[in-house]
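User: I have a model open and would like to work through it with you. Please keep the answers short.

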Amino acid sequence: MAVTITKPLSTDEVAEATGIPAGTLRYMRHCSTGPRSYTLGRSVRYDPQDVQDWLDQQKAATSRGGAA
C-alpha cells in the first residue's frame, strides 16, 4: 500500500501561491471563510488539496458569463 504525503503549506506559502496577502488569510481563518487550516505543533498549516478545493469553490461560486 503506497502512502502519498504532500508537504503542508504555511500561511506565507499559501499567500505566495494565491496572491492573497498573509494578513487577509489570517483574517479569513479567524472568520472561518478561507481555506481549511490546522495547527501542526504551534504553526498553522494548510493542506495543498484543501487550498485547491477552496479555490475551485470560489471560482464556481463567483464565475460570470462565458459559454455554458
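User: Is T33 buried, partly exposed or exposed?

Analyst: This is a predicted model. The relative accessible area of T33 is 45%. Buried requires under 20% and exposed requires over 50%. The value falls in between, so T33 is partly exposed.

User: Where does T33 sit, and what is it in contact with beyond its neighbours within four places in sequence?

Analyst: T33 lies in a loop. That loop runs between helix 2 (22-31) and strand 1 (38-40). With neighbours within four places in sequence left aside, the contacts of T33 are M28 and W54.

User: How many Å apart in space are T33 and A17?

Analyst: In sequence, 16 residues separate T33 and A17. In space, C-alpha to C-alpha, the separation is 18 Å.

User: Which residues of helix 2 are buried, and what arc do they cover?

Analyst: The buried residues of helix 2 are A22, L25 and M28. They sit on the same side of helix 2, because the arc they cover around the axis is only 115°. In general, an α-helix has 3.6 residues a turn, so residues three or four places apart point the same way. For A22, L25 and M28, the arc is 115°.

User: What covers that buried side of helix 2, and which exposed residues are on the face turned away from it?

Analyst: The cover over the buried residues of helix 2 includes helix 1 and helix 3. The face turned away carries exposed residues, namely Y27 and H30.

User: Which residue just after helix 2 takes a positive phi, and which one just after helix 1?

Analyst: Just after helix 2, a positive phi of about 60° is taken by S32. Just after helix 1, a positive phi of about 80° is taken by G19. The two names are S32 and G19.

User: Where around helix 1 are its buried residues, and which residues are exposed on the other side?

Analyst: Helix 1 spans residues 11-18, and its buried residues are T11, V14 and A15. They cover an arc of only 100° around the axis, which puts them on the same side of helix 1. The other side has the exposed residues D12, E16 and A17.

User: What is included in the cover over the buried residues of helix 1?

Analyst: Two helices and one strand can be named here. The cover includes helix 2, helix 3 (48-62) and strand 2 (43-45).

User: Is S10 buried or exposed, and what does it touch?

Analyst: S10 is in the segment before helix 1. Its relative accessibility is 17%, so S10 counts as buried. Not counting residues up to four places away in sequence, S10 touches V44, R45 and Y46.

User: In what order do the elements of the chain run?

Analyst: The chain has three helices and two strands. From the N terminus on, the order is α-α-β-β-α.

User: What radius of gyration does the chain have, against that of a compact globule of 68 residues?

Analyst: For a compact globule of 68 residues, the radius of gyration would be near 11 Å. The C-alpha trace spans about 45 × 35 × 20 Å along its principal axes. Buried residues make up 21% of the 68. The radius of gyration of the chain is 14 Å.

User: How far apart do the centres of the positive and negative side chains lie?

Analyst: The chain carries 8 positive and 7 negative side chains. The centres of the two sets are separated by 6 Å.

Notes
Residues numbered from 1 in each chain as written. Predicted model: local features only at pLDDT ≥ 70, side-chain atom pairs only at ≥ 80, totals over all residues. Heavy atoms only, no water. Buried < 20%, exposed > 50% of the residue type's maximum accessible area, 1.4 Å probe, protein only. Contact = heavy atoms within 4.5 Å. Arc of directions from axis to C-beta. Rg over C-alpha atoms; globule rule 2.2 N^0.38 Å. Lys, Arg positive; Asp, Glu negative; His and termini not counted. Charge placed at Lys NZ, Arg CZ, Asp CG, Glu CD.
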